[in-house]
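Subject: Structure for you to look at

Hello,

Here is the structure I said I would pass on. My notes on it follow below.

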Amino acid sequence: MSETPIQIPTHQDDPQWIIIWPIDELLPIAILSGVGLLFEQLTICFLIGIGIAKAYKYAKSSRHNGFVLHWLYAHGLALSRSKTMQNTYFRKFIPR
């Protein structure tokens, strides 16, 4: 009996794609375009959204998985109700 290698999927937890963009790279463009429509500054907000999306794509591709979430957490910007992800600014932890 020969053992055959097991194929393990590597893209199981990747974000959803919309046409050719991952949704996490498309969200800044979509949100800022909506804001631009509200304030009648669509071109400026669209270009800022593209810039943020490119910066996010660079940060995501040039560093380890979860870098952006770790960066947000370290700067107090990650919004999570998780028990394992505590606020970095707490200096005393009281057990529950």
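The 21 residues of α2 should span 30 Å at 1.5 Å a residue, and the end C-alpha atoms of the helix are 30 Å apart, which agrees. Bear in mind that this is a predicted model. The buried residues in α2 are C45, G49, A53 and A59. Seen down the helix axis they fall within an arc of 130°, so they line one face of α2. T43, L47, K54, Y58 and S61 are exposed on the other side of α2. As for what the buried residues of α2 pack against, the partners are α1 and α3, the latter being residues 67-74.

In general, an α-helix has 3.6 residues a turn, so residues three or four places apart point the same way.

Helix α1 can be described in the same terms. Its 16 residues reach 22 Å from the first C-alpha to the last, close to the 22 Å expected at 1.5 Å a residue. Buried in α1 are E25, L26, P28, I29, S33 and G36. These cover an arc of only 150° around the axis, which puts them on the same side of α1. I31 and L38, on the other side of α1, are exposed. The cover over the buried residues of α1 includes β1 (17-18), β2 (21-22) and α2 (42-62). After α1 comes E40, which has a positive phi, near 55°.

Two residues of α1 are worth a separate note.

The first is E25, which lies in helix α1. Is E25 buried or exposed? Its relative accessibility is 10%, and with the cut-off for buried at under 20%, E25 therefore counts as buried. Once neighbours within four places in sequence are left aside, E25 is in contact with A53, Y56, K57 and K60. Of these, A53 is listed among the buried residues of α2.

The other is S33, found in helix α1, residues 23-38. S33 has a relative accessibility of 15%, so S33 also counts as buried. Which backbone oxygen does the side chain of S33 reach? It is that of I29, at 2.7 Å. I29 is itself one of the buried residues of α1. Leaving aside neighbours within four places in sequence, the contacts of S33 are L42 and F46.

For the protein as a whole, the secondary structure comes to 3 helices and 2 strands. Along the sequence these follow the pattern β-β-α-α-α. How much of the protein is buried? Buried residues make up 11% of its 96 residues. The exposed area of the protein is about 9,000 Å², with carbon and sulfur atoms supplying 64% of it. Of the contacts between residues at least 6 apart in sequence, 19% join residues at least 24 apart.

On confidence, the mean pLDDT of the protein is 80, and 77% of its residues reach 70 or more. Among the elements, α1 has the highest mean pLDDT, 92, and α3 the lowest, 79. The notes on E25 and S33 above thus concern residues of α1, the element with the highest mean pLDDT.

Regards

Technical notes: Residues numbered from 1 in each chain as written. Heavy atoms only, no water. Helix = DSSP H or I, 4+ residues; strand = E, 2+ residues; numbered from the N terminus. Buried < 20%, exposed > 50% of the residue type's maximum accessible area, 1.4 Å probe, protein only. Polar contact = N/O pair within 3.5 Å; in protein donor to acceptor, adjacent residues only side chain to side chain. Contact = heavy atoms within 4.5 Å. Expected span 1.5 Å × (residues − 1). Arc of directions from axis to C-beta. Areas by Shrake-Rupley, 256 points an atom, 1.4 Å probe, with all protein chains shown as cover. pLDDT = per-residue confidence, 0-100.
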